[in-house]
Amino acid sequence: MKRSSCYNGYSLFLTILMLCVVARSQLTTDFYSTTCPNLLQIVRREVQKAIKFETRMAASLIRLHFHDCFVNGCDASVLLDGNDGEKFALPNINSARGFEVVDAIKTAVESQCSGVVSCADILTIAARDSVLLSGGKSWRVLLGRRDGLVANQTGANAKLPSPFEDVDTIINKFAAVGLNIIDVVALSGAHTIGQARCATFNNRLFNFSGTGAPDSTMESSMVSDLQNLCPLTDDGNKTTVLDRNSTDLFDIHYFQNLLNNKGLLSSDQELFSSTNLTTKALVQTYSTNQNLFLNDFANSMIKMGNISPLTGSSGEIRKKCSVVNS
């Protein structure tokens, strides 16, 4: 009996221990409440400084988080240096930016809470703050991610949605990471701020899909303006705003543009102009209901931030975001 009692007590101990491990392995809003209580204020301050220096940085930080989560999950693999890293994947090369801002945030956080906060969580908070500081809605960020040990350039090339892809292909890529058609349209609304290079849309300007003419779903004066900005002889690296006439404000003007054939990227305009009635209806709804869009966007960002996070003892807490710990 005594032996059985000891065994039962040990079993209870193991059960409690496992429950604690499981609980700690889940993302929570208060993950750093005791280990780094000023984390949110530190990140907010650094993001504010970055956006004040360059307004476009808000969009860049949101995009970094997006491009991180779609490849290997939200594990900060997009930040890793190396020729085989995600930085040099086709969707990111000469395009992904804001790495120095993440490094500055990490340095500020490390000075207060050394070895505690992951780069993956910093990216997640910075993306939320970028939305808020651009006029969007805030949300409570779930935290507790750990940093990945490897980058996945092949995965970045295959999994990240492309501005040249049709709606159905993009919907399938979202579905592959657990996101639905509402998430597709809501998260596309992040293009209400930021810029894009000529190389991502100049296929629409002169000989679209071999027609010998511009894309018929792009408004004519916009075509003319962009042809002047992005001539055929250009290297494709000039940029223009994604949300024409509402450059830096996180609002529903992006969706209103789509109704008027003023979407810059083909993948954006297709949300309204393709035969997909669901995306079309969502664009129409968001174009007149800012509160619904901002709510759906926040919910979709929370879902995206929960794609395959490393928790518990998986991965590591990087000392420097661009390299794994030695």
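Which residues does UniProt list for "binding site"? The unreviewed entry names Thr192, Asp243 and Asp251. In this predicted model, these residues are spread over 60 residues of sequence yet cluster in space, with a largest C-alpha distance of 9.7 Å.

## Annotated site

Thr192 occupies the loop between helix H8 (181–188) and strand E1 (195–197). Its relative accessible area is 0%, so Thr192 is buried. The side chains of Thr192 and Asp243 are joined by a polar contact of 3.0 Å. Beyond four places in sequence, Thr192 also touches further residues, including Phe250, Asp251 and Tyr254.

Asp251 is located in the loop between strand E2 (239–241) and helix H10 (253–259). With a relative accessible area of 9%, Asp251 is likewise buried. Its contacts outside the four-place sequence window are Thr192, Asp243, Ser246, Gln290 and Phe293.

## Disulfides

The model contains four disulfides, and their pattern is 1-4, 2-3, 5-8, 6-7 when bonded cysteines are counted along the chain.

Cys36 and Cys113 are bonded at an S to S distance of 2.0 Å, and the link is right-handed, with 75° about the S-S bond. Cys36 lies between helices H1 and H2 and Cys113 between H4 and H5, so the bond ties together parts 77 residues apart in sequence.

Cys119 pairs with Cys321 at 2.1 Å; the torsion of about -95° makes this disulfide left-handed. Cys119 belongs to helix H5 and Cys321 to the segment after helix H13 (290–304), 202 residues apart. Cys119 is buried at 0% relative accessibility, and Cys321 is buried at 2%.

Cys198 is joined to Cys230 at 2.0 Å, with a left-handed torsion of about -65°. Both Cys198 and Cys230 are buried.

Methods. Residues numbered from 1 in each chain as written. Predicted model: local features only at pLDDT ≥ 70, side-chain atom pairs only at ≥ 80, totals over all residues. Heavy atoms only, no water. UniProt positions renumbered as here; feature names shortened; annotations may be inferred. Helix = DSSP H or I, 4+ residues; strand = E, 2+ residues; numbered from the N terminus. Buried < 20%, exposed > 50% of the residue type's maximum accessible area, 1.4 Å probe, protein only. Contact = heavy atoms within 4.5 Å. Polar contact = N/O pair within 3.5 Å; in protein donor to acceptor, adjacent residues only side chain to side chain. Disulfide = S-S within 2.5 Å.
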